[in-house]
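Let's take a friendly walk through a small report on one protein chain. Have a look at the picture first, and then we will go through it piece by piece.

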Amino acid sequence: MKPFYRVSTSRDRDSGGTGLGLAITHEAILSHKGRLKTFINHKGGLSIILSLPIYNIT
């Protein structure tokens, strides 16, 4: 995942967004030993699969 990368030019600072959201989310998930997978779904939108480990603290 590349910070500040935009697939579409239709989203820019004038229309809202800076491109940081997924980059920050990705780093946060990785710091918790999780995984983040993004892909374009069959309808053309973005789909995200987020996985976090479950810790049993006893």
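Which residues of α1 are buried? They are Ala-23, His-26 and Ile-29. Seen down the axis of α1, these buried residues fall within an arc of 130°, so they line one face of the helix. An α-helix has 3.6 residues a turn, so residues three or four places apart point the same way. On the other side of α1, you will find Ile-24, Glu-27 and Ser-31, which are exposed.

Keep in mind that this model is predicted. The chain has a mean pLDDT of 77, with 67% of its residues at 70 or more. The table shows where confidence is lowest and highest in the chain.

| Element | Mean confidence | Place in the ranking |
|---|---|---|
| Helix α1 (residues 21-31) | mean pLDDT 87 | α1: lowest |
| Strand β2 | mean pLDDT 89 | β2: highest |

Now for the strands. β1 (residues 35-40) and β2 (residues 46-51) run antiparallel and are joined by six bridges. Across this pairing, Phe-39 stands opposite Ser-47 of β2. Together the two strands form a hairpin, with five residues between them. In the turn, Gly-44 has a positive phi of about 95°.

Finally, look at the surface. A nonpolar patch there is formed by Leu-22, Ile-40, Leu-46, Ile-48, Leu-50 and Leu-52, which together have about 540 Å² of accessible area. β2 gives the most to this patch, with three residues. Leu-50 lies in β2. This leucine, Leu-50, is partly exposed because its relative accessible area is 44%, and partly exposed means between 20% and 50%.

Notes:
Residues are numbered from 1 along each chain as its sequence is written. This is a predicted model: local features need pLDDT of at least 70, side-chain atom pairs count only at pLDDT 80 or more; totals for chains, interfaces and linings use all residues. Side-chain values use heavy atoms; hydrogens and water are left out. Two strands pair if DSSP finds at least two bridges between them. Helices (H or I, at least four residues) and strands (E, at least two) are DSSP runs, numbered from the N terminus. pLDDT is the predictor's confidence in each residue, from 0 to 100. Patches are made of residues with over 30% relative accessible area and no salt bridge: like charges are joined within 9 Å, nonpolar side chains (Val, Leu, Ile, Met, Phe, Trp, Tyr) within 5 Å. Accessible areas come from the Shrake-Rupley method with a 1.4 Å probe; for residues, only the protein chains shown count as cover. A salt bridge is a side-chain nitrogen of Lys or Arg within 4 Å of a carboxyl oxygen of Asp or Glu. Buried means under 20% relative accessible area, exposed over 50%, partly exposed in between (1.4 Å probe, protein chains only). The arc is that of the directions from the helix axis to the C-beta atoms.
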